[in-house]
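User: Please take a close look at how one pair of elements packs in this model, and then set that part against the rest of the chain. Plain statements with the values will do.

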Amino acid sequence: MKREAANSPFDPSTVASERDVRGWRPEDGECCGVPDFCLDLNNTPGSEWNRSACRVFVQDFLDSEAYQCDDVTKISKMFATHFRTIKRHYWRQIEESRAAAKGLTIDRRSENI
């Protein structure tokens, strides 16, 4: 997702816009490719867009031959789990940005227990 660390800002090119999602037709091929990989963080891992992105991810994962796992089901499940983490980080950043624009901060101390 073009981020150096988990708390790094998201590159807008890695997050599908509502317009991108509405305009994509599965019959035209996958929603993205490896170079322009992006997720629909306004939806679930099971959305059509994100299932397509998962296929792109899984194929690239297998093609890399960097890992021993070649079980598509396991890789897909790992993708879905990581998707939820990425989505949570993305929405936290959105909330914090909105709060900062109003001169506020969000107290997340209770979340780290």
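Analyst: A residue counts as exposed when its relative accessible area is over 50%, and as buried when that area is under 20%. The model is a predicted one. By the first cut-off, Lys-2, with a relative accessible area of 56%, is exposed. Lys-2 lies in the segment before H1, and its phi is positive, about 60°, although the residue is not a glycine. Most residues other than glycine have a negative phi.

The frame for the close look is as follows. The protein has three helices and zero strands, and the pattern along the sequence reads α-α-α. The C-alpha trace spans about 45 × 35 × 20 Å along its principal axes. Of the 113 residues, 27% are buried. Among contacts with a separation of 6 or more, 49% are between residues 24 or more positions apart.

The part to examine is the packing of H2 on H3. H2 covers residues 48-64 and H3 covers residues 72-101; their axes come within 10 Å and cross at roughly 125°. Angles of 65 to 115 degrees count as roughly perpendicular and those over 145 as roughly antiparallel. The crossing of H2 and H3 falls in neither class, and the two helices are therefore oblique to each other. The crossing of H2 past H3 is right-handed. On the H2 side, the contact is made by Asn-50, Ala-53, Cys-54, Phe-57, Val-58, Phe-61 and Leu-62. H3 contributes Val-72, Ile-75, Ser-76, Met-78, Phe-79 and Phe-83. Sorted by class, this contact holds 11 nonpolar and two polar residues, with no charged ones.

The loop between H2 and H3 contains Glu-65. Like Lys-2, Glu-65 has a positive phi without being a glycine; the angle here is about 55°. With 68% relative accessibility, Glu-65 is exposed.

Phe-83 of H3, listed above in the contact with H2, is also one of the residues touched by Leu-41. Leu-41 sits in the loop between H1 (18-23) and H2. Its relative accessible area is 0%, so Leu-41 is buried. Apart from neighbours within four places in sequence, its contacts are Phe-10, Val-15, Phe-83, Ile-86, Lys-87, Tyr-90 and Trp-91. The C-alpha atom of Leu-41 lies 16 Å from that of Arg-55, a residue 14 places away along the chain.

What does the side chain of Arg-108 pair with at 2.8 Å? Its partner in that polar contact is the side chain of Glu-95. A polar contact of 2.7 Å links the side chains of Arg-108 and Glu-96 as well. Arg-108 belongs to the segment after H3, and residues up to four places away aside, Arg-108 touches Arg-92, Glu-95 and Glu-96. With a relative accessible area of 14%, Arg-108 falls under the 20% cut-off and is therefore buried.

To return to the part requested: H2 and H3 meet obliquely, in a right-handed crossing, through a contact of 11 nonpolar and two polar residues. The loop that joins H2 and H3 carries the exposed Glu-65, while elsewhere Leu-41 and Arg-108 are buried.

Notes:
Residues numbered from 1 in each chain as written. Predicted model: local features only at pLDDT ≥ 70, side-chain atom pairs only at ≥ 80, totals over all residues. Heavy atoms only, no water. Axes fitted to C-alpha atoms, helices over the stretch in contact; angles between N-to-C directions. Helix = DSSP H or I, 4+ residues; strand = E, 2+ residues; numbered from the N terminus. Parallel < 35°, antiparallel > 145°, perpendicular 65-115°, else oblique. Left-handed = near helix turned anticlockwise from the far one by under 90°. Contact = heavy atoms within 4.5 Å. Nonpolar A, V, L, I, M, F, W, Y, C, P; charged D, E, K, R; others polar. Buried < 20%, exposed > 50% of the residue type's maximum accessible area, 1.4 Å probe, protein only. Polar contact = N/O pair within 3.5 Å; in protein donor to acceptor, adjacent residues only side chain to side chain.
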